[in-house]
Amino acid sequence: RMRKRGLPPTGEVCPGDEADVRRFFGDGEKSRKGNWKVMQLCKQVERAATLALEGEWVGDALLGAAVASVEPAPDAGRLRVVVVLAPARGTDDVEEARTALSRLTARFRAEVAWSIHRKRVPAIVFDVRLGSEVDRG
């Protein structure tokens, strides 16, 4: 059997050597699995938010808007949804879109709750941007 990555044998550690911090305090398998689960949740919420944003109840302020990404903010209990407005929209439309999204947050959260398989639905925070502000790469 292969030995799990852990502390090095006593003979390999010298007082003058610089220690690799990741080796002693790095991410264990447990945190990698947790990160995978958070990314899975973000992907599920992204799909649900994209479908919800295309709904007829959204309104004119968000016409042509799209979900660019969903990321934990700061953890899986609260997710940040980055919404990109249509290319024809200007900076004055950003505030109007933010107001519309804050008014519709409960409805979005209900749509997300219906489509994901979680005991508790995360809080959703919207970040509205223009198309030119989003990194395309």
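Strands β2 and β3 pair in the parallel sense over seven bridges, where strands (E, at least two residues) and helices (H or I, at least four) are DSSP runs numbered from the N terminus and two strands count as paired if DSSP finds at least two bridges between them. The model is a predicted one, in which local features need pLDDT of at least 70 and side-chain atom pairs count only at pLDDT 80 or more, while totals for chains, interfaces and linings use all residues. Residues are numbered from 1 along each chain as its sequence is written, and side-chain values use heavy atoms, with hydrogens and water left out.

On its other pairing, β2 meets β1 in the antiparallel sense over six bridges, and a hairpin of five residues joins β1 to β2. Together the three strands form an open sheet in the order β1-β2-β3, with mixed pairing. Its edge strands, β1 and β3, each pair on one side only, and the twist from one strand to the next averages 25°. Strands of a sheet pair through backbone hydrogen bonds, in either a parallel or an antiparallel manner. Individual partners can be followed by eye: Val 67 has Val 83 of β2 as its bridge partner, Val 70 stands opposite Val 81 in β2, and Val 82 is partnered by Asp 127 in β3. Helix α3 lies across β2 and β3 and runs at about 165° to β3; such angles run from 0 to 180 degrees between N-to-C directions, with axes fitted as lines to C-alpha atoms, for helices over the stretch in contact.

Strand β2 is mostly covered, as five of its seven residues are buried. Here buried means under 20% relative accessible area, exposed over 50%, and partly exposed in between (1.4 Å probe, protein chains only). The largest nonpolar core (buried Ala, Val, Leu, Ile, Met, Phe, Trp, Tyr and Cys residues joined through side-chain atoms within 4.5 Å) has 30 residues, of which Leu 53, Leu 62, Val 81 and Leu 85 touch the most other members. At least two residues of this core come from each of α2 (29-53), β1 (66-72), β2, α3 (91-103), α4 and β3, and α2 gives the most, with eight. Leaving aside neighbours within four places in sequence, Leu 85 is in contact (heavy atoms within 4.5 Å) with residues including Leu 62, Val 94, Ala 97, Val 128 and Leu 130.

Turning to charged side chains, a search of the whole structure finds six salt bridges, each defined as a side-chain nitrogen of Lys or Arg within 4 Å of a carboxyl oxygen of Asp or Glu. Side chains of opposite charge can pair when their charged atoms come close. Glu 71, Arg 80, Asp 127 and Arg 129 are linked in a network of such bridges. Within this network, Glu 71 and Arg 80 meet at 1.8 Å, N to O. Glu 71 is partly exposed at 26% relative accessibility, and Arg 80 is partly exposed with a relative accessible area of 26%. Arg 80 also bridges to Asp 127, with the closest N and O atoms 3.3 Å apart. Because Asp 127 lies in β3 (residues 123-129) and Arg 80 in β2 (residues 78-84), this pair ties together parts that are 47 residues apart in sequence. Asp 127 itself is buried, at 16% relative accessibility.

A further salt bridge joins Glu 111 to Arg 107, the closest N and O atoms being 3.9 Å apart. Both residues belong to helix α4 (residues 105-115) and sit four residues apart, about one turn of the helix. Glu 111 is partly exposed at 30%, and Arg 107 is partly exposed at 40%.
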